[in-house]
Amino acid sequence: MNKLMRKNYTYGMLVPGLLLFLVLFITPSMGAFYYAFTDLTDFNFFSAKYVGWENFKTLFDTDGSMLALKNTIIFTVVTTVFKITIGLGLAVLLNMKLRTTLYLRTVFFFPVILSTVAVALAFSAIYHPTTGLLNQFLRLLGLDFLAQNWITDRGLVMYSISAVEVWKWTGIGMVLFLAGLQSIPQDAYESATIDGANAWQQFRSITLPLLLPSIKSVFFLSMIGGLKVFDIVIALTNGGPGKASTTLNYMVYEDFSKHFYGEGTAASLLLFLLILVTVAILNLFISRKEVEL
Amino acid sequence: MNLKLKKWWLEIMGVCLSGLVVLPSIIVLINSFKTEGEASDMSIAWPKDWNFVDNYSEVFRIGRISTAFWNSILITGSSVILLIVLCSTSAFVIQRRNSKFTKLLQVLLLGGMILPLSIIITYILLYNLHLTGSFLAVILLYVATMYPVIAFLYIGFYNGVSREIDEAAIIDGTKGYGLFFRVIFPLLKPINATALVLGFVTVWNDFGLALYFLNQASKYTLGLTVFFFAGEKSSQWNLIFADLIVVSIPVIIVYIFAQRFIVSGLTAGAVKS
């Protein structure tokens, strides 16, 4: 049996791809655990000196990094909540066998295929305070008081960025939820109707539990993507106004451009650990919930 | 009757909601045809002066679009081919061996799918290998970063390919690499299509890695040109919009002709993560 394995499922086929992954992904990830504690400032791994917690102290002492952490969390939570609720709403709508279902699915999925940078740049025009589509539209409806400085207002900017992310990615959730909905047997609803359950009760006790696996996928996908956010920030606001919309991954890029490689690596490691811990905790929490159900 | 009326309301509501996607897209398209002055209003009105040819030829002339287009094709094409070849083979061994070692590998792959790349360390590593600024660097990085998700796609697929096929082939005398390339690979068409679509859209639309690693104008991908172009021409919306359209056209064409594959490919990638 072993000989059979060696010959037919040879490591020769495994190694080429795996090697790239190990060298270019795993090794740097391991390296980061050391170099985050050094004064790495040029492209030389050997001249870097160990500086202890120095980089992390700088990170935690500056207001900028704390803001970046806060922004990253706001973005992650806001986008996850809306991607799930709106995606679920759209999926329920599309599952009603409307005449326009095919059109609606095509349109709502369309943003998913576009490049984030292109979308973000288009939205920088749409959010324009005077000539932007959004404010023009609000004024047209007589809702002038709702017209805002969407991406130049410090308090608002993270939410405006989040909205673009939701606009771009809700389609994925919608398609996943739709597939989940279509796999629920119709007779479950029929017998519930006979038992006198109303639409909301049916949604809560049949649809939601059976959709849990798809909700879980969208939830994790969105959390992980959200914590890593970078493209959309650099293209839409470049971290501005001032530093009001910097995120952790954007900070890594800033440190990189300023040649603060040690600090940037520390920020990157922080992000790495944040995602690892978040995913581990959520996974534990959700699998425990699943057992209860 | 009541039910029919309700359905009409839902249809209307759906179409109105779709405006949230359609309107911004139309604004970009219409304004890419206008003159600079007209486009600065960013209205949805039909252009008074059609500036179609001027805008688009200007974008091609100053936006370095044609070079960038070929760069994007080269990078995306090579990455996707490498991904399909390397992941289909790796995944086959991982799924068929099913040993402690390959289980450990799957944990590593899971980590690779979830965790971010330590980009600065990777940069310095590639710098010391004299690869930064080269297409090879980004191609290898796209393969390395997408390796986990695509490998898992194939592992999932192999779970459904019976071992009896292997055994029958081995008895017939097809062994080793022949088993994979002559017997298994021809079965992979559907999953190859999924991997192709997922790889194409992800690499074509990527911006982050290209920004870090391709720092010469002659090496820019389409995503990079549009970013720098918008930075330079910050008020010429007609040109920026024309550029956005040019950059998006290839994926839109693929979306129109292969929508089923795109939707299933991208969602398959999502579920695996």
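This text goes through the predicted model, from the make-up of chain A to the cavities, a surface patch and the salt bridges.

Chain A is built from 13 helices and 0 strands. Read from the N terminus, its elements run α-α-α-α-α-α-α-α-α-α-α-α-α. The C-alpha trace of chain A spans about 75 × 75 × 35 Å along its principal axes. The chain has 293 residues, and 53% of them count as buried.

The cavities come next. There are 3 cavities of 30 Å³ or more. The largest cavity has a volume of about 1600 Å³. Its lining comprises 46 residues, and those closest to its centre are A:Trp169, A:Gly225, A:Lys228, B:Thr202 and B:Asp206. The lining of the largest cavity thus draws on chain A as well as chain B. On the chain A side, the elements that give two or more residues to this lining are α8 (157-182), α10 (199-227) and α11 (231-236). On the chain B side they are α5 (100-114), α7 (135-159), α10 (189-205), α11 (208-213) and α14 (259-272). The largest share comes from α10(A), which supplies 6 residues. By class, the lining of the largest cavity divides into 26 nonpolar, 14 polar and 6 charged residues.

The second largest cavity has a volume of about 60 Å³. It is lined by B:Asn71, B:Ser72, B:Ile75, B:Thr76, B:Tyr142, B:Val203, B:Trp204, B:Asp206, B:Ala210 and B:Thr221. Two or more residues of this lining come from each of α4 (65-97) and α10 of chain B. Helix α4(B) gives the most, with 4 residues. The classes in this lining are 5 nonpolar, 4 polar and 1 charged. B:Asp206 appears in the lining of the second largest cavity, and B:Asp206 is also among the residues closest to the centre of the largest one.

On the surface, A:Tyr11, A:Val15, A:Leu19, A:Val23, B:Phe101 and B:Leu104 make a nonpolar patch of about 520 Å². The elements that give two or more residues to the patch are α2 (11-35) of chain A and α5 of chain B. Helix α2(A) gives the most, with 4 residues. One of the patch residues, A:Tyr11, is found in helix α2 of chain A. Why does A:Tyr11 count as partly exposed? A:Tyr11 is placed in that class because its relative accessible area is 34%, and partly exposed covers the range between under 20% for buried and over 50% for exposed. Helix α5 of chain B, which contributes to this patch, is also one of the elements that line the largest cavity.

The last topic is the salt bridges. Over all chains, the structure holds 3 salt bridges. In one of them, the side chains of A:Lys83 and A:Glu165 meet with an N to O distance of 3.2 Å. This pair links distant parts of the chain, with A:Lys83 in helix α4 (residues 63-94) of chain A and A:Glu165 in helix α8 of chain A, 82 residues apart. A:Lys83 counts as buried because its relative accessibility is 7%. A:Glu165 also counts as buried, at 9% relative accessibility. Helix α8 of chain A, where A:Glu165 lies, is one of the elements that contribute to the lining of the largest cavity.

A further salt bridge in chain A joins the side chains of A:Lys243 and A:Glu254 (3.4 Å, N to O). A:Lys243 lies in the loop between α11 and α12 (248-257) of chain A, while A:Glu254 lies in helix α12, so the pair ties together parts that are 11 residues apart in sequence. Are A:Lys243 and A:Glu254 buried or partly exposed? A:Lys243 counts as partly exposed, at 40% relative accessibility, whereas A:Glu254 counts as buried at 19%.

In chain B, B:Asp166 forms a salt bridge with B:Arg96, and their closest N and O atoms are 2.7 Å apart. B:Asp166 lies in helix α8 (residues 163-171) and B:Arg96 in helix α4 of chain B, so this bridge ties together parts that are 70 residues apart in sequence. Both B:Asp166 and B:Arg96 are buried. Helix α4 of chain B, which holds B:Arg96, also gives the most residues to the lining of the second largest cavity.

Notes
Residues are numbered from 1 along each chain as its sequence is written. Chains are lettered from A and ligands numbered from 1 in the order in which they are written. This is a predicted model: local features need pLDDT of at least 70, side-chain atom pairs count only at pLDDT 80 or more; totals for chains, interfaces and linings use all residues. Side-chain values use heavy atoms; hydrogens and water are left out. On a 1 Å grid over the protein atoms alone, a cavity is a set of points where a 1.4 Å probe fits but cannot get out, and a pocket is an open set with protein on both sides within 12 Å along at least five of seven lines; lining residues have an atom within 4 Å of a point. Grid points are joined across faces, edges and corners, and a volume is the space filled by probe spheres set on the points. Ala, Val, Leu, Ile, Met, Phe, Trp, Tyr, Cys and Pro count as nonpolar, Asp, Glu, Lys and Arg as charged, and the others, Gly among them, as polar. Patches are made of residues with over 30% relative accessible area and no salt bridge: like charges are joined within 9 Å, nonpolar side chains (Val, Leu, Ile, Met, Phe, Trp, Tyr) within 5 Å. Accessible areas come from the Shrake-Rupley method with a 1.4 Å probe; for residues, only the protein chains shown count as cover. A salt bridge is a side-chain nitrogen of Lys or Arg within 4 Å of a carboxyl oxygen of Asp or Glu. Buried means under 20% relative accessible area, exposed over 50%, partly exposed in between (1.4 Å probe, protein chains only).
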